[in-house]
Amino acid sequence: MSIKAKVLFLDRDGTINEDLIGGYVTELDQFRLIPKSDEAIALARKAGFKIVIVSNQACLAKGMASEEKINAVNAYMQSLLIKNGASYDLCYFAPYHPKYPHPKYDAYKSWRKPETGMVAQALQDFQKMGLEVDKNDSYFIGDKQVDVLCGKRSGLRQILVRTGHGEVDACREKDTHPEFIADDLYDAVANYILPKYSGGNA
Ligand SMILES: [Mg+2]
């Protein structure tokens, strides 16, 4: 018997923290929360959502960062979130990039969004904890077309945020229409997701 869980699958750069457009967040001092993204995660947790981070980090395949650096940034993110009553439950990053073959990371091809390997791994990991993800009540939130497409392919609901790359045009051009477009993560959680559960304003 497994317990049903509702989950927010969150992109990291451009959704939770400021994206370094054209670069990678590999140092702690480059990691800056987008205003109220921590508050949004705290609200979602209070409403019973599990939080999963799913991030493409091709800087690994490109040799621009070590796994230790990426793990340190993710741990730093967790420490900032915890200060404000938020936290994530699981965190995945896809190290693969098609143009940068790598003996260790090529095995993670299916993890690179818009492929769905990270979501699939999270579903398995939740199952080991006795939790079954209720996809009708679970959302993929990100700033890029690949996030929306990954959400769709995974059978999750999808919200595009206008922060980061805010790929509204790319979604339209590639015929990848999210269920909602929100200003930022806080708007997505407070105004599009939580009203469904509270029956009113969050
Ligand atoms: Mg992003």
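## Salt bridges

The count of salt bridges comes to 13. This is a predicted model, and the pairs described below are taken from it.

Among the salt bridges is one between the side chains of Asp89 and Arg45, with N and O 3.1 Å apart. This pair links distant parts of the chain: Asp89 is in the loop between helix H2 (67-83) and strand E4 (90-94), while Arg45 is in helix H1, and the two are 44 residues apart. Asp89 counts as partly exposed because its relative accessibility is 29%. Arg45 also counts as partly exposed, at 25% relative accessibility.

Another salt bridge joins Lys196 to Asp137, with the closest N and O atoms 2.8 Å apart. Lys196 belongs to helix H7 (residues 195-198) and Asp137 to the loop between strand E5 (131-133) and E6, so the pair ties together parts that are 59 residues apart in sequence. The two ends fall in separate burial classes: Lys196 is partly exposed, with a relative accessible area of 46%, whereas Asp137 counts as buried at 19% relative accessibility. The cut-off for buried is under 20%.

## A pair within one helix

Asp169 and Arg172 form a salt bridge in which the closest N and O atoms are 3.3 Å apart. Both residues are in helix H5 (residues 168-173), and because they are 3 residues apart, about one helical turn separates them. Asp169 counts as partly exposed at 44% relative accessibility. Arg172, at 51% relative accessibility, counts as exposed, since the cut-off for exposed is over 50%.

## The magnesium site

Three residues coordinate the magnesium ion: Asp11 through OD, Asp13 through O and Asp143 through OD, at 2.1 to 2.2 Å. The spacing of these donor residues in sequence is D-x1-D-x129-D. Asp13 and Asp143 link distant parts of the chain, 130 residues apart. Asp13 is in the loop between strand E2 (7-10) and helix H1 (37-46), and Asp143 is in the loop between strand E6 (139-142) and helix H4 (145-153). Both Asp13 and Asp143 are buried.

Asp11 has a further role in the list of charged pairs: a network of salt bridges links Asp11, Lys113 and Asp147. Asp11 is thus a donor to the magnesium ion and a member of that network.

## The loop between E7 and H5

Which residues does Thr163 touch, not counting those up to four places away in sequence? They are Gly14, Thr15, Ile34, Asp143, Asp183 and Asp184. One of these, Asp143, is a donor to the magnesium ion. Thr163 is found in the loop between E7 and H5, and Thr163 is buried because its relative accessible area is 16%.

Arg162 lies in the loop between strand E7 (157-161) and H5. At 48% relative accessibility, Arg162 counts as partly exposed. Residues up to four places away aside, Arg162 touches Val168, Ile181, Ala182 and Asp183. Asp183 is also among the contacts of Thr163. Arg162 and Asp184 are 22 residues apart in sequence, and their C-alpha atoms are 5.9 Å apart in space.

## Aromatic pairs

The whole structure holds 6 aromatic pairs. In one of them, the ring centres of Tyr108 and Trp111 are 4.9 Å apart and the planes are at 80 degrees, so the pair is edge-to-face. Tyr108 counts as partly exposed at 32% relative accessibility, whereas Trp111 is buried, with a relative accessible area of 16%.

For Phe180 and Tyr192 the ring centres are 5.0 Å apart and the planes are at 40 degrees, so this pair is tilted. Phe180 lies in strand E8 (residues 180-182) and Tyr192 in helix H6 (residues 185-193), so the pair ties together parts that are 12 residues apart in sequence. Phe180 counts as partly exposed at 23% relative accessibility, and Tyr192 is partly exposed with a relative accessible area of 30%.

## Ring cluster and charges over rings

Phe49, Tyr139 and Tyr197 are linked into a cluster by ring pairs. Tyr197 also has a charged neighbour: Lys6 lies over the face of its ring, 5.1 Å from the ring centre.

A second lysine, Lys36, has its charged end over the ring of Tyr186, 4.0 Å from the centre of that ring.

Methods. Residues are numbered from 1 along each chain as its sequence is written. This is a predicted model: local features need pLDDT of at least 70, side-chain atom pairs count only at pLDDT 80 or more; totals for chains, interfaces and linings use all residues. Side-chain values use heavy atoms; hydrogens and water are left out. Donors are N, O and S atoms within 2.8 Å of the metal (3.2 Å for Na, K and Ca); water is not among the atoms, so sites may look incomplete. Helices (H or I, at least four residues) and strands (E, at least two) are DSSP runs, numbered from the N terminus. Buried means under 20% relative accessible area, exposed over 50%, partly exposed in between (1.4 Å probe, protein chains only). A salt bridge is a side-chain nitrogen of Lys or Arg within 4 Å of a carboxyl oxygen of Asp or Glu. Contact means heavy atoms within 4.5 Å. Rings of Phe, Tyr and Trp (its six-membered ring) pair if their centres lie within 6.5 Å; planes under 30 degrees apart count as stacked, over 60 as edge-to-face and the rest as tilted. A charge sits over a ring if NZ of Lys or CZ of Arg is within 6 Å of the ring centre and within 35 degrees of the ring normal.
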